[in-house]
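Subject: The structure for you to look at

Hello,

Here is the structure I promised to pass on. Please open it beside this message and follow along.

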Amino acid sequence: DDPAVLSPCPGDGQVCWAKTFHPEVHRWHQGVWRHYFLMRLTDGVVMCLKPLYPLACSLLDRVMGLGLQPLQLVVSEVEGPKTYIPLHRSKLQSRIRLSCGIEVPANGSSVLRFPGFAEQVYR
């Protein structure tokens, strides 16, 4: 098993019903995605994998130099041909989650949705 895989659903286009971490409710999702944690804030200590990700950790140092305190730095990988990731929820409602498409295949798209407010398409 791949420990980075979250919410695997068979890649044959099947839609799956599964329980989330918070709140503990069930919701629909489709496809497979992974999260690779480059940095976490644990007990007030920032732990970044600088030997493996020097540029990302240097950027993180600059962000913290501005007085911001990130909780984590994560790179997500989404498998094709179609993956639907449901709305995210958190126990920490005061945080801001920033997401952007780093690399999107020529024939693909990534859509960040804020239901009722906005939608951003990356191609």
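Below is what I found in it, going from the overall picture to single residues.

First, a word on confidence: please keep in mind that this is a predicted model. The mean pLDDT of the protein is 77, and 75% of the residues reach at least 70. Confidence is highest in helix 1, with a mean of 92, and lowest in strand 1 (residues 5-6), with a mean of 57.

Now the overall layout. The protein contains one helix and eight strands. Going along the sequence, the order is β-β-β-β-β-α-β-β-β. The protein has 123 residues, and 16% of them count as buried.

On to the helix. Helix 1 covers residues 54-65, which makes twelve residues. How far apart should its ends be? At 1.5 Å a residue, helix 1 should span 16 Å, and its end C-alpha atoms are indeed 16 Å apart, so the two values agree. After helix 1 comes Gly67, which has a positive phi near 95°.

You will probably want to know about the cysteines. There is one disulfide in the structure, and it links Cys48 with Cys57 at an S to S distance of 1.9 Å. Which hand does it have? The torsion about the S-S bond of Cys48 and Cys57 is about -85°, so this disulfide is left-handed. Its two partners sit in unlike surroundings: Cys57 is buried, because its relative accessible area of 1% is under the 20% cut-off, whereas Cys48, at 23%, is partly exposed.

Next, strand 4 and the loops on either side of it. His35 is part of strand 4 (residues 33-42). With a relative accessible area of 18%, His35 falls under 20% and therefore counts as buried. The side chain of His35 also makes a polar contact, 2.6 Å long, with the side chain of Ser76. Another contact to look for involves Arg40, which lies over the face of Phe37, 3.9 Å from the ring centre. As for pairs of aromatic rings, the count is zero.

In the loop between strand 3 (26-30) and strand 4 you will find Val32. Val32 counts as buried, at 12% relative accessibility. What lies at a distance from Val32 in sequence but 6.3 Å away in space? The answer is Val78: the two are 46 residues apart along the chain, and the 6.3 Å is taken from C-alpha to C-alpha.

Asp43 belongs to the loop between strand 4 and strand 5 (45-48). Asp43 has a positive phi of about 50° although it is not a glycine. That is worth a look, because most residues other than glycine have a negative phi. Is Asp43 buried or exposed? Asp43 is exposed, since its relative accessible area of 78% is over 50%.

Last, a residue further along the chain. Arg97 is in the loop between strand 6 (72-78) and strand 7 (110-114). Arg97 has a relative accessibility of 43%, so it counts as partly exposed, which is the class between 20% and 50%. Arg97 and Gln72 are 25 residues apart along the chain, and their C-alpha atoms are separated by 9.9 Å.

If you only have a few minutes, I would start with the disulfide between Cys48 and Cys57, then turn to the contact of His35 with Ser76, and finish with Asp43 and its positive phi.

Happy viewing, and do write back with any questions.

Best wishes

Notes:
Residues numbered from 1 in each chain as written. Predicted model: local features only at pLDDT ≥ 70, side-chain atom pairs only at ≥ 80, totals over all residues. Heavy atoms only, no water. Helix = DSSP H or I, 4+ residues; strand = E, 2+ residues; numbered from the N terminus. Expected span 1.5 Å × (residues − 1). pLDDT = per-residue confidence, 0-100. Phe/Tyr/Trp six-rings, centres within 6.5 Å; stacked < 30°, edge-to-face > 60°. Lys NZ or Arg CZ within 6 Å of the ring centre and 35° of its normal. Buried < 20%, exposed > 50% of the residue type's maximum accessible area, 1.4 Å probe, protein only. Polar contact = N/O pair within 3.5 Å; in protein donor to acceptor, adjacent residues only side chain to side chain. Disulfide = S-S within 2.5 Å.
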